[in-house]
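Dear colleague,

I am handing over a structure that may be new to you. Please open it first; an account of what was found follows below.

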Amino acid sequence: MTASSLADIDLADPQTFLDQDLPALWRRLRAESPVHWNPPSGRNPGFWVVSRYADVHAVYKDNRRFTSERGNVLTTLLQGNDSASGKMLAVTDGHRHREIRNLMLKSFSPRALAPVVDRVRARTSRLISEAVERGEFDFATDVADHIPINTIGDLMDVPPADRPKLVDWNNQTLSRHSSQHSELEEFLARNEILLYFSALAQERRRNPGDDVISTLATGEVDGEPLSEDEIVFNCYSLILGADESSRMSSIGGILALARYDGQWRALKDATVSVDTAVEEVLRWTTPAMHFGRRAVVDAQIGDTPVAAGDIVTLWNSSANFDEAVFADSLRFDLARTPNKHVAFGYGPHFCLGAFLGRAHVGAVLHALREQVSGIEVLGEPRRLFSNFVHGYSSVPVRFR
Ligand code: HEM
């Protein structure tokens, strides 16, 4: 469906993302109203919708005038704050953000991650070969759901038996599978995750290992240990960040490869490199559709003035298809270079796990190239019900 008037569109409503022809909507916003006012609706205040690449980039870069401290996704921005503000990396700015980020970066350098990446490759290769043997299966639940949670589980040393319940809770927090899930369920699931990590962090304080939870539990900023809240919220953010977006990029990648046979062949014949293919899958799928900020002072985005206190949402899912930056932007082109997409954001909050996110998608593409000769989608994939994560919770496929 295409709305006749942009004023009728409500981007806070997850249903919009199921009802609208999204590429057409983004194209129209970029052309007609690049810094667009989404009017208030129900109890929600209005907010700005930024859709052009250059404007999205500029706001991401400027965390002095556009802060994350009052929320960085629509759900929390519309509520007015984020309970993890000033404690969790993604919703902290300034000195404390830089210091905690530097502490965590030690666990995320490519060198520190090399053994983790080897395990991702081995695990993915095994999952894909089991899938080939089975023939018909659900790529989302049988394959993709098992990759990132185990990576981040290894990095945090989460006991393997606990990982499936973390995936379940995570599924209920940001991207509800349907409109039937209630906000209460989301809230309860989030609390379960926080309680779980609180217990684990206490244990690691007593018996530290070389996992990320131990780094947080024993690390110091300005000569002081992190608070209990800082440790627990940052564990939560790793699970949130690591699991769902990586799963969604692999699942969307499978759908794109099944649809564009020429690109699948190019991957198979190795006429494109896995590295450029990974970037295009990330651009094409853009799992985190938006992030957001609040203006700290009166400012200008493009030609539009925004006032101090306004909510500003940055639509990666539009910026990554901006024809001013990406030639033939609606073409899935695994050889695309340059490909400076903003699937991982940009600037001070650039995704901490980008290397791992890339490793996840790369492992899937490698394994497909090595072990699969054809991909066939067998039924209608089930889309997530979300204004934040774009993706699918079920994709029945057949591998040959
Ligand atoms: C931040 C996307 C994988 C952890 C971000 C941001 C984006 C993003 C767009 C910027 C948020 C903002 O500006 O407010 C993605 C995508 C992924 C992915 C698309 C996979 C394909 C991961 C993984 C991890 C992770 C694997 C952890 C292991 C984080 C953290 C932040 C972040 C901790 C906050 C960084 C900060 O505020 O300084 N991610 N992410 N992400 N991501 Fe990811």
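The notes below go through the ligand and its surroundings, one helix, and a few local features of the backbone.

Please keep in mind throughout that this is a predicted model.

**The ligand and its iron atom**

The ligand contains an iron atom, for which the protein supplies a single donor: the SG atom of Cys351, at 2.3 Å. Cys351 itself sits in the loop that runs between α15 (316-319) and α16 (354-371).

Around the ligand there are 27 residues, and the closest of these are His97, Arg101, Arg293, His349 and Cys351. By character, this shell is made up of 15 nonpolar, 10 polar and two charged residues.

Several oxygen atoms of the ligand deserve attention when you inspect the site. The side chain of Arg293 places an N or O atom 2.7 Å from an oxygen atom of the ligand. For the side chain of His97, the corresponding distance from an N or O atom to a ligand oxygen is 2.8 Å. Ala90 takes part through its backbone, with an N or O atom 3.5 Å from an oxygen atom of the ligand. Two or more residues of the shell come from each of the elements α5 (94-105), α12 (228-259) and β7 (290-295). Of the elements, α12 contributes the most, namely six residues.

**Asn63 and its contacts**

Asn63 is located in the loop between α3 (53-61) and β3 (66-67). Its side chain forms a polar contact of 2.9 Å with the side chain of Asp93. Beyond neighbours within four places in sequence, Asn63 touches Asp93, Gly94, Pro348 and His349. The last of these, His349, is also among the residues closest to the ligand.

**Helix α14 and the residue after it**

Helix α14 covers residues 274-285, which is 12 residues in total. From its first C-alpha to its last it reaches 16 Å, close to the 16 Å expected at 1.5 Å a residue. How much of this helix is buried? The count is 11 of its 12 residues, so α14 is largely enclosed by the rest of the structure. The buried residues include Val274, Glu279, Glu280, Arg283 and Trp284. In their packing, the buried residues of α14 meet α12, α13 (261-268) and α16.

Thr286 comes after α14 and belongs to the loop between α14 and β7. Although Thr286 is a residue other than glycine, its phi is positive, near 30°. Thr286 counts as buried because its relative accessibility is 2%, under the 20% cut-off.

**Asp157**

A second positive phi is found at Asp157, which is not a glycine either; the value is about 55°. Asp157 is placed in the loop between α8 (148-156) and α9 (163-173). Is Asp157 buried, partly exposed or exposed? With a relative accessible area of 44%, Asp157 is partly exposed. Apart from neighbours within four places in sequence, its contacts are Arg204 and Asp211. Asp157 and Asp211 are 54 residues apart in sequence, while their C-alpha atoms are 5.9 Å apart in space.

**The loop between α15 and α16**

Besides Cys351, this loop holds two further residues to look at. Pro338 lies in the loop between α15 and α16, and the peptide bond joining Thr337 and Pro338 is cis, with omega at about -10°. Ser329 is also found in the loop between α15 and α16. Ser329 counts as buried because its relative accessibility is 6%. With neighbours within four places in sequence left aside, Ser329 is in contact with Arg283, Trp284, Phe321, Asp322, Glu323 and Arg336. Arg283 and Trp284 are in turn among the buried residues of α14.

**Where to begin**

For a first look, I would suggest Cys351, the single protein donor to the iron atom. From there, one may turn to α12, which gives the most to the shell around the ligand, and then to α14, whose buried residues pack against α12.

With kind regards

Note on methods:
Residues are numbered from 1 along each chain as its sequence is written. This is a predicted model: local features need pLDDT of at least 70, side-chain atom pairs count only at pLDDT 80 or more; totals for chains, interfaces and linings use all residues. Side-chain values use heavy atoms; hydrogens and water are left out. Donors are N, O and S atoms within 2.8 Å of the metal (3.2 Å for Na, K and Ca); water is not among the atoms, so sites may look incomplete. Helices (H or I, at least four residues) and strands (E, at least two) are DSSP runs, numbered from the N terminus. Buried means under 20% relative accessible area, exposed over 50%, partly exposed in between (1.4 Å probe, protein chains only). Contact means heavy atoms within 4.5 Å. A residue is near a molecule or strand if one of its heavy atoms lies within 4 Å of it. A polar contact is a pair of N or O atoms within 3.5 Å; within protein, one must be able to donate a hydrogen and the other to accept it, and residues adjacent in sequence count only if both atoms are side-chain atoms. Ala, Val, Leu, Ile, Met, Phe, Trp, Tyr, Cys and Pro count as nonpolar, Asp, Glu, Lys and Arg as charged, and the others, Gly among them, as polar. The expected span of a helix is 1.5 Å times one less than its number of residues.
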